[in-house]
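Biologist: Got a minute to walk me through this model? I'd like to start with the charged pairs.

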Amino acid sequence: MDALRSIRGMNDILPADTGHWQFLESRVAELLERYGYGEVRLPIVESSALFSRSIGEVTDIVEKEMYSFEDRNGDSISLRPEGTAGCVRAAIQNNLIASPCRLWYSGPMFRYERPQKGRQRQFHQIGAEIFGYATPDADAELILMLARLWRTLGIADAVNLEINSIGSSESRASYRAALVTYLEQHRDALDEDSQRRLESNPLRILDSKNPETQLLLNDAPALVDYLDEDSLEHFAALRRYLDTAGVRYTVNPRLVRGLDYYNKTVFEWVTDKLGAQGTVCAGGRYDALVGQLGGRDTPGVGFAMGMERLLLMLEACEQLPEARSPDLFVVAAGADAHEAALAAVEGLRNAQPELHIVQQLGGGSFRSQMKKADRSGAALALLWGEDEVAAGEVTIKPLRDGQEQVRLPVADLSDKVSTLLQQQTH
Ligand code: ATP
Ligand code: MG
C-alpha cells in the first residue's frame, strides 16, 4: 500500500528544527510581553464572511487563496489566511477594546499558493495589534519594537524598512479614479493580471512585478499627491519619530499591501537574502476595521511576521543557536545493570533536575552502546557493567577532553558529575 503523505505545501516541523522555532518564538514572545502585549489564542477556523468583510472581496487572498468549505450544518467556514481579522473579531466579541490595549497571537495560517522556498500553504505568523490609538506614536512604537527585535536576533543589517501612506478611503478613491484613467490609456501594455485588476483592485497594480508595468507607472499619477491633510500629517509625524530614533527606512510610494483594511500607514520589512519571497514582516494601520466588523469605532495598527522566512533569514545570517547535546549518556550492559542504572539515574535527576540525560534503552552490546554515547555529543558517559552493579558503583567516562575515567560509589555520583561538568565548561 502507498504510504499517505502530507498535503502539498503543508510541512512537518521536525525535532532537528523545532529548537530553532522555539528559540525564535521565545525571543519574539519575550519582547512583546515587555512592551505590554497580552497573548490571545484564536481559533484556526472562522466564518468565511469574517475574511471577505475584512481582507476584502476582491483581494488575491479571498478570491483565490482561501481554504473555504461547508461545515456539516451548511455554514461556509474558512481556515484563517491571516490573523488580524480573527484578532479583531475576538477583541470585539470579548469586549477587550473598551479601553486601549495591545494583543499578540501566533500560529498557522493557510493560503492556497504555489509552494516554493519561503512560501507554503500552511505557514506560521506571529502578529501583534494595538487598539485604541489614532496617533502616529502607536505606528512608531510598533516599528521601533520590530527594529529592536531584528537587532536582538542579529539580522538588523539584512532587513530594510519600507513605509508608505495610503491615506483615507476618500483620498484613495479619488486616486484610484485618476490611476484608472491613466492606465486605461495604456491598457494594451498591461499584462492579463493587471488588466483584470484595473476593474477589480487597480491599486494592486502598483506592486506588479512586471517590469513593463513598472515602467508605465513611472509616469502614472502618484498616490502621495492625492493624500488628505490628516494622512499627510500623520505620515510626517511617523517619519519624524523614526528619524529621531535613528531607524532607517525608505519611503516606497508604490507600497500598497494586498489587504483592503489598511489606511494611512503601511510598512514592510524586506530582505534580499530570500530571493523572490523578500518580505519577512508587514503591517499597517486599519482605523475602520473594528467598525466594519461590527464593533464601536476603534483605531488599530498591527503587523504580522512570517516565521518560516525569519528562520531562513536567521540561517542565512548564521544566527541560529547550536543544538544542545545531552550532558550525560547512560550505558548499561546486562539486565541487572539496566535496573541499577535506571534507579541511579532517577536519583541523579532528583538531585539535579536541569541535567539532560539520555539513557540507552533495550540493551545491546557494550560496544554499540558506547558508539551511540560518542555520537550523542554528551559530555560524560555513565557506565554500568556487572562489576559496577556488584560493588554498588558506577564508572564515569568523560567523552570530550582529557579528563580521566573514574569509578566511584553510586552515592557520590551527583557530586562527581557536577565537578566534572564544571571543569569541562571552564
Ligand atoms: P507576499 O507578498 O510575500 O505574498 P503577503 O503580502 O501576502 O506576502 P502578508 O499577508 O502581509 O503577506 O503576511 C505577512 C507575512 O507573512 C509576509 O511578509 C510573509 O513573511 C508571511 N507570509 C505570507 N504568505 C506566506 C506564505 N504563503 N508562506 C510563507 N510565509 C508567508
Ligand atoms: Mg501573498
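Modeller: Sure, here is a quick chat about its salt bridges and domains. This is a predicted model, where local features need pLDDT of at least 70, side-chain atom pairs count only at pLDDT 80 or more, and totals for chains, interfaces and linings use all residues. Residues are numbered from 1 along each chain as its sequence is written, chains are lettered from A and ligands numbered from 1 in the order written, and side-chain values use heavy atoms, without hydrogens or water.

Biologist: How many salt bridges does the structure hold?

Modeller: There are 20, counting a side-chain nitrogen of Lys or Arg within 4 Å of a carboxyl oxygen of Asp or Glu.

Biologist: What does Glu46 pair with?

Modeller: Arg89, with the closest N and O atoms 2.8 Å apart. Glu46 sits in strand β2 (residues 45-47) and Arg89 in helix α4 (residues 84-93), so the pair ties together parts 43 residues apart in sequence. Helices (H or I, at least four residues) and strands (E, at least two) are DSSP runs, numbered from the N terminus.

Biologist: Is Glu46 buried or exposed?

Modeller: Buried, at 8% relative accessibility. Buried means under 20% relative accessible area, exposed over 50%, and partly exposed in between (1.4 Å probe, protein chains only).

Biologist: New topic: which domains does the chain have?

Modeller: Domain 1 (15-168 + 228-316) and domain 2 (328-424), with bounds from an automatic or database domain assignment. Their centres, taken over C-alpha atoms, are 49 Å apart.
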